[in-house]
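Me: I'd like a close look at one aromatic residue and the packing around it. Could you start from its burial and then work outwards from there?

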Amino acid sequence: AELLQEAGDRDAVLSLLMRFASQAFEFTALFVVQEGAAQGRLAAIRGQAPYSLETVSVPLDGGVFETVFRTQGYHLGPIGDAASDRAALGGMGRARPLSCALVPVVVKARVVLMLYGDSGAAGVRTNRIARIAEFGHLVSAAFERLLLKRKLGQFDKKAAAPAKPGTAEPATP
């Protein structure tokens, strides 16, 4: 939580989320939600460095990914049989796990990220999901802080910019 407060950009926040979640799962994947799909970003197998997952795209038109997106609540249980669920597993190179977790990160009432995790045949322990969901709320707050910081920076730049010559209103006597 302290490191999230110090994170200076989006990539630092995403890295912290992956590091935290990778402690709970054998396999962890991070998806960015945009344009009706969950676009793969990063994946990691426990104990290994994260790697790119950018070739994976899961349409939000059925299955657990769509349900998590629509409800903004997490999923804990078996992955579904929808075509999008099967495509997600195939794209991630994962066999069907005993159970999986899919946790949304919501910023300003919109799902912006989804964190997928599974531990293969061992399943996912319920108590870990609560901690991941809590951390997801901290990630949301970190993103909102970064957005505000960027907006304030743009405001400060506009306020400090000199007026263009000839555009200022003449002073009234």
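Is Phe27 buried or exposed, and what is its relative accessibility?

Reply: Phe27 is buried, with a relative accessibility of 0%; here buried means under 20% relative accessible area, exposed means over 50%, and partly exposed is in between, with a 1.4 Å probe and protein chains only. Bear in mind that this is a predicted model, where local features need pLDDT of at least 70 and side-chain atom pairs count only at pLDDT 80 or more, while totals for chains, interfaces and linings use all residues. Residues are numbered from 1 along each chain as its sequence is written, and side-chain values use heavy atoms, with hydrogens and water left out.

Let's take the rings next. There are three aromatic pairs in the structure (Phe, Tyr and Trp rings, the last by its six-membered ring, with centres within 6.5 Å; planes under 30 degrees apart are stacked, over 60 edge-to-face, the rest tilted). One of them, Phe20 with Phe135, is stacked, with 4.1 Å between centres and 15 degrees between planes. This pair joins distant parts of the chain, since Phe20 sits in helix H2 and Phe135 in helix H5, 115 residues apart (helices are DSSP runs of H or I with at least four residues, strands are E runs of at least two, and both are numbered from the N terminus). Phe20 is partly exposed at 28% relative accessible area, whereas Phe135 is buried at 8%. Your residue appears in another pair: Phe27 and Tyr116 meet edge-to-face, 6.2 Å centre to centre and with 65 degrees between the planes. Phe27 belongs to strand E1 and Tyr116 to strand E7, so the pair ties together parts that lie 89 residues apart in sequence. Tyr116 is buried too, at 1% relative accessibility.

From Tyr116 we can step to another tyrosine. The C-alpha atoms of Tyr74 and Tyr116 are 9.9 Å apart, with their positions 42 residues apart along the chain. Tyr74 is found in the loop between H3 and strand E5 (75–77), and at 47% relative accessibility it counts as partly exposed. Leaving out residues up to four places away in sequence, Tyr74 touches Val68, Leu102, Val103, Pro104, Ile129 and Ala133 (contact means heavy atoms within 4.5 Å).

Strand E1, home to Phe27, is also one of the packing partners of helix H4. The buried residues of H4 are Ser84, Asp85, Ala88, Leu89 and Met92. Their arc around the axis is only 140 degrees, which means that they share the same side of H4; the arc is taken from the directions between the helix axis and the C-beta atoms. Ala83 and Gly90 are exposed on the other side of H4. The buried residues pack against E1, strand E4 (57–59), H3 and E7. Just past H4, Gly93 has a positive phi of about 75 degrees.

Now for the nonpolar cores, each a set of buried Ala, Val, Leu, Ile, Met, Phe, Trp, Tyr and Cys residues joined through side-chain atoms within 4.5 Å. The largest has 27 residues, and Val13, Leu17, Phe25, Leu113, Leu115, Val139 and Phe143 make the most contacts inside it. H2, E6, strand E7 (110–118) and helix H5 (126–160) each give two or more residues to this core. H5 supplies the largest share, seven residues. Beyond neighbours within four places in sequence, Phe143 is in contact with Arg10, Val13, Leu14, Val107 and Leu113. A separate core of 22 residues includes Ala38, Val56, Leu89 and Cys100.

Finally, the charged side chains. A salt bridge is a side-chain nitrogen of Lys or Arg within 4 Å of a carboxyl oxygen of Asp or Glu, and by this rule there are six. Asp11 bridges to Arg41, with their closest N and O atoms 2.6 Å apart. That pair links distant parts, Asp11 in helix H2 (residues 10–21) and Arg41 in strand E2 (residues 37–45), 30 residues apart. Asp11 is partly exposed at 40% relative accessibility. Just before E1, Glu26 forms a salt bridge with Arg94 at 3.3 Å, N to O. Glu26 lies in the loop between H2 and strand E1 (27–34), and Arg94 in the loop between helix H4 (83–92) and strand E6 (100–107), so this pair ties together parts 68 residues apart in sequence. Glu26 is partly exposed, with a relative accessible area of 34%, whereas Arg94 is buried at 18%.
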